[in-house]
Amino acid sequence: MPAFEVTTEVTGRASRETHVSVDSDRVTVRALIEGKVRAEIEDWRRRGLAEFGSEYRDGAWNVKSGARRRRVDEDTEVRSAIAAFEGGRFLILVGDEQVTDLDACVLVSPDIRVRFLRIVALAGG
């Protein structure tokens, strides 16, 4: 099963890595998002947490968030992350190229560089 690391970056915060496994070496951007969301949820479960924060709602990945916690529904979280991507609340870079189409295919390899960049509004704007 192909696997790769995804870096999540939010302005002004430390980035973090997520190990993502996918079913094929060619996946869509939609599958990249789904794989990342499911890997994050699995990580929360592995750490013994019974509930999952709202890190994916509106594309706001922040594991230290004080946001209201709720039980996780993986499919709902995947849909929320895809909606956030479609709404422009985060960008995905594969290598040095931004991908904008959920149905675009990406060739997965262990040395692929995938970054999810959260868009943060400027103060006062």
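**Talking through the core and strand S4**

Modeller: Of the 125 residues in this protein, 39% count as buried. Bear in mind that the model is predicted.

Colleague: What makes a residue count as buried here?

Modeller: Its relative accessible area has to be under 20%. In S4, 4 of the 5 residues are buried, so the rest of the structure largely encloses that strand.

Colleague: Okay, and how do you know that S4 pairs with S7?

Modeller: Pairing takes at least two bridges. S4 and S7 are joined by 5 and run antiparallel, so they qualify as a pair. One of the partnerships is Leu 93 with Arg 115 in S7.

Colleague: What makes S4 and S5 a pair as well?

Modeller: That's the same test of at least two bridges. S5 (residues 97-99) and S4 share 3 bridges in the antiparallel sense, and Ile 92 sits opposite Val 99. These two strands make a hairpin with 2 residues between them, and Gly 95 in the turn has a positive phi of about 65°.

Colleague: Why is the largest cluster called a nonpolar core?

Modeller: Because its members are buried residues of types such as Val, Ile and Phe, joined through side-chain atoms within 4.5 Å. There are 25 of them, with Val 29, Ile 33, Phe 85, Phe 90, Ile 92, Val 94 and Phe 116 having the most contacts inside it. H1 (29-46), H2 (74-86), S4 (90-94) and S7 (114-118) each supply at least two residues, and H1 gives the most, with 6.

Colleague: Which residues does Val 29 touch, beyond its neighbours within four places in sequence?

Modeller: Phe 85, Ile 92, Val 99, Asp 101, Leu 102, Ala 104 and Val 106.

Notes
Residues are numbered from 1 along each chain as its sequence is written. This is a predicted model: local features need pLDDT of at least 70, side-chain atom pairs count only at pLDDT 80 or more; totals for chains, interfaces and linings use all residues. Side-chain values use heavy atoms; hydrogens and water are left out. Buried means under 20% relative accessible area, exposed over 50%, partly exposed in between (1.4 Å probe, protein chains only). Contact means heavy atoms within 4.5 Å.
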